[in-house]
Amino acid sequence: MSPSEAPEPGVAELPAVAPQLRALRRRASLTLETAARAAGLSPAHLSRLETGQRQPSLPMLLALARIYGTTVSELLGETAVERDAVIRAADMEPTAAGGWTYWQAGASGRGMQALRVQVPHGSQGDIVRVHPGEEWLHVLAGRLRLRLGDGTHLLTRGDSAHFDSLTPHRIAAADPDGVELLFVHTLLQSPTATLCLGPLTGGTP
């Protein structure tokens, strides 16, 4: 067996995922070549994963789950846990991170994540984000300064934006009272380091 055909290290304990990989790719109406390119694999490599000749690493599973619009659990053939369709306001616990406050507004493990976000003035306004997926946001209160690529937009209450999150973007409150957003994105899992490019020089957005 050549090194290129050797099993991925550390994944021998994973169940056979080959049937699920092929079925979910077909359900997503993706060709082998298209799916492989999106996952950063060669078509031959993905074909070997789908026929059980190789076992995928966990990063591969995460990438394929995102591309197929599913979860790693479904890729592994695990039975999905019944999720409540309704999220009550009383069950939305606030979580603070990086100066922002988040309330979970949707069920976990879905293909989209919904959040209500409070962005204080001057918080994270110099951080540029770029990552796979799409984002949609809606201004609930206050004014938002949204930088998308080379353009800057001022959004007020009732305004929305929907964009490809591979476009470099940054979010800042335009007023001292901050801004409150309803925020939906399609990114299920990604380390913080892959989301942020860090401060840009040349002033505020």
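Start with the whole chain and colour it by burial: of its 205 residues, 36% count as buried. Keep in mind as you click around that this is a predicted model. Switch on the surface and you are looking at about 11500 Å² of exposed area, with carbon and sulfur atoms supplying 55% of it. Now go to cartoon view, where the chain shows six helices and eleven strands. If you draw the contacts with a separation of 6 or more, 65% of them link residues 24 or more positions apart.

**Stop one: the helix pair**

Select residues 32–39, which are helix α2, together with residues 43–50, helix α3. Their axes lie 8 Å apart and cross at an angle of about 105 degrees. An angle from 65 to 115 degrees counts as roughly perpendicular, so that is the label for α2 and α3. Next, show side chains where the two helices meet: Leu32, Glu33, Ala35 and Ala36 come from α2, while α3 brings Pro43, Leu46, Ser47 and Glu50. Colour that patch by class and you get five nonpolar residues, one polar and two charged.

**Stop two: the open sheet**

Hide the helices and pull up the six strands that form an open sheet, in the order β1-β2-β3-β10-β5-β8. The pairing is antiparallel. Which strands stand at the edges? Select 94–97 for β1 and 160–164 for β8: each has a single partner strand, so one side of each is left without a neighbour in the sheet. Look along the sheet and you can follow the twist, which averages 25 degrees from one strand to the next.

**Stop three: either side of β3**

Zoom in on β3, residues 113–119, with β2, residues 100–104, beside it. These two run antiparallel and are joined by four bridges. To see the register, pick Thr101, which stands opposite Gln118 in β3. Then pick Tyr102, whose bridge partner in β3 is Val117. While the side chains are on, remember that in a regular strand they alternate between the two faces of the sheet.

Now swing round to β10, residues 179–185. How many bridges pair β3 with β10? Seven, again in the antiparallel sense. For a landmark here, select Ala114 and look across to its bridge partner in β10, Val184. Turn on the backbone hydrogen bonds as a last step, since strands of a sheet pair through them.

Note on methods:
Residues numbered from 1 in each chain as written. Predicted model: local features only at pLDDT ≥ 70, side-chain atom pairs only at ≥ 80, totals over all residues. Heavy atoms only, no water. Buried < 20%, exposed > 50% of the residue type's maximum accessible area, 1.4 Å probe, protein only. Contact = heavy atoms within 4.5 Å. Areas by Shrake-Rupley, 256 points an atom, 1.4 Å probe, with all protein chains shown as cover. Pairing = 2+ DSSP bridges. Axes fitted to C-alpha atoms, helices over the stretch in contact; angles between N-to-C directions. Parallel < 35°, antiparallel > 145°, perpendicular 65-115°, else oblique. Nonpolar A, V, L, I, M, F, W, Y, C, P; charged D, E, K, R; others polar.
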